[in-house]
Amino acid sequence: MAELVKITRLAGRPIALRGNDIDTDRIIPARFMKAVTFDGLGQFVFHDVRFDAEGGATGHVMDDPRFQAKGPRIAIVNKNFGCGSSREHAPQSLLHWGIRALVGESFADIFAGNCVALGMPCVTASEADVLALMAAVEEDPAHELVVDLQALTATYRERRYPITLPAGAHAQLTGGTWDATRILLQAVEQVRQTAARLPYVKGFAS
């Protein structure tokens with residue numbers, strides 16, 4: 001039986017992605033959404049602002065050597081992050097680049113829901129705290145940012161910032177029910193029993 005993965009605490013090197021109303025087309029341009037799977041999407045995240053028309057680097061923060069640490073990373077964002085199209089490729093591209101959680105002023109609802117389905121919390125903080133956290137990270141990025149979903153705090157360099165998370169998302173992440181595939185695997189016998197009763201599964205045989 002597949003064990004539920006409960007997400008209560010995440011730690012990773014932070015990166016500040018500044019800007020309000022960053023939409024999903026900016027996060028992952030549509031022309032990169034032709035792949036059958038999500039594998040490899042991380043290389044195209046923020047492609048059109050990281051590279052110019054000739055493919056040259058623009059000096060985007062994601063390519064700054066100070067933010068190239070290995071392991072999980074946590075993004076810090078501003079208002080209405082993930083707005084626009086509901087494409088699930090946007091959180092998938094962030095996840096495949098290495099982002100495991102986001103701390104921001106606000107998120108588009110569908111984007112946040114798609115993130116929860118990947119076990120990637122989108123927690124919110126006040127504008128003042130987000131700006132202070134961004135400044136602290138940009139000044140000295142060589143520390144882990146810890147997001148604690150139980151205590152509802154984000155901690156960086158011993159300073160704690162209060163965070164919030166919608167009750168439904170909090171329950172899914174901390175209870176492990178965010179992973180729909182694992183939930184189905186836990187109930188595989190009930191799924192088989194239900195399928196056996198469905199006429200179109202049985203070929204409409206009596």
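A residue counts as partly exposed when its relative accessible area falls between the 20% that bounds buried and the 50% that bounds exposed. N20 has a relative accessible area of 41%, so it is partly exposed. Keep in mind that this is a predicted model.

Let's stay with N20 for a moment. This residue sits in the loop that links β1 (9-17) to α1 (24-27). Which residues is N20 in contact with, once neighbours within four places in sequence are left aside? They are N78, K79 and E105. With N78, the C-alpha to C-alpha separation is 5.3 Å, although the two residues are 58 apart along the chain.

Now for the whole protein. The fold has eight helices and seven strands. Some overall values are collected here:

| Property | Value |
|---|---|
| Box filled by the C-alpha atoms, along the principal axes | roughly 70 × 45 × 30 Å |
| Accessible surface | about 10,800 Å² |
| Separation of the centres of positive and negative side chains | 6 Å |

Of that accessible surface, 53% belongs to carbon and sulfur atoms. As for charge, there are 21 positive side chains and 23 negative ones. Out of 206 residues, 41% are buried. Looking at contacts with a separation of 6 or more, 69% are between residues 24 or more positions apart.

On to the interior. The largest nonpolar core has 53 residues, and the ones with the most contacts inside it are I27, F46, F81, L94, L102 and F111. Helix α5 (residues 127-139) gives this core its largest share, five residues.

F81 is a good place to look around. Setting aside residues up to four places away in sequence, F81 touches I27, F46, L94, L102 and F111, along with I22, S106, F107 and A108.

Finally, have a look at the hairpin. How many bridges join β6 to β7? There are four, and the two strands, residues 153-156 and residues 159-162, run antiparallel. One of the pairings puts T155 opposite R160, its bridge partner in β7. Two residues lie between the strands of this hairpin, where R157 takes a positive phi near 50°. One general point to carry along while viewing strands: side chains in a regular strand alternate between the two faces of the sheet.

Key: Residues are numbered from 1 along each chain as its sequence is written. This is a predicted model: local features need pLDDT of at least 70, side-chain atom pairs count only at pLDDT 80 or more; totals for chains, interfaces and linings use all residues. Side-chain values use heavy atoms; hydrogens and water are left out. Two strands pair if DSSP finds at least two bridges between them. Buried means under 20% relative accessible area, exposed over 50%, partly exposed in between (1.4 Å probe, protein chains only). Contact means heavy atoms within 4.5 Å. Accessible areas come from the Shrake-Rupley method with a 1.4 Å probe; for residues, only the protein chains shown count as cover. Lys and Arg count as positive and Asp and Glu as negative; His and the chain ends are not counted. The place of a charge is taken as NZ of Lys, CZ of Arg, CG of Asp or CD of Glu. A nonpolar core is a set of buried Ala, Val, Leu, Ile, Met, Phe, Trp, Tyr and Cys residues joined through side-chain atoms within 4.5 Å.
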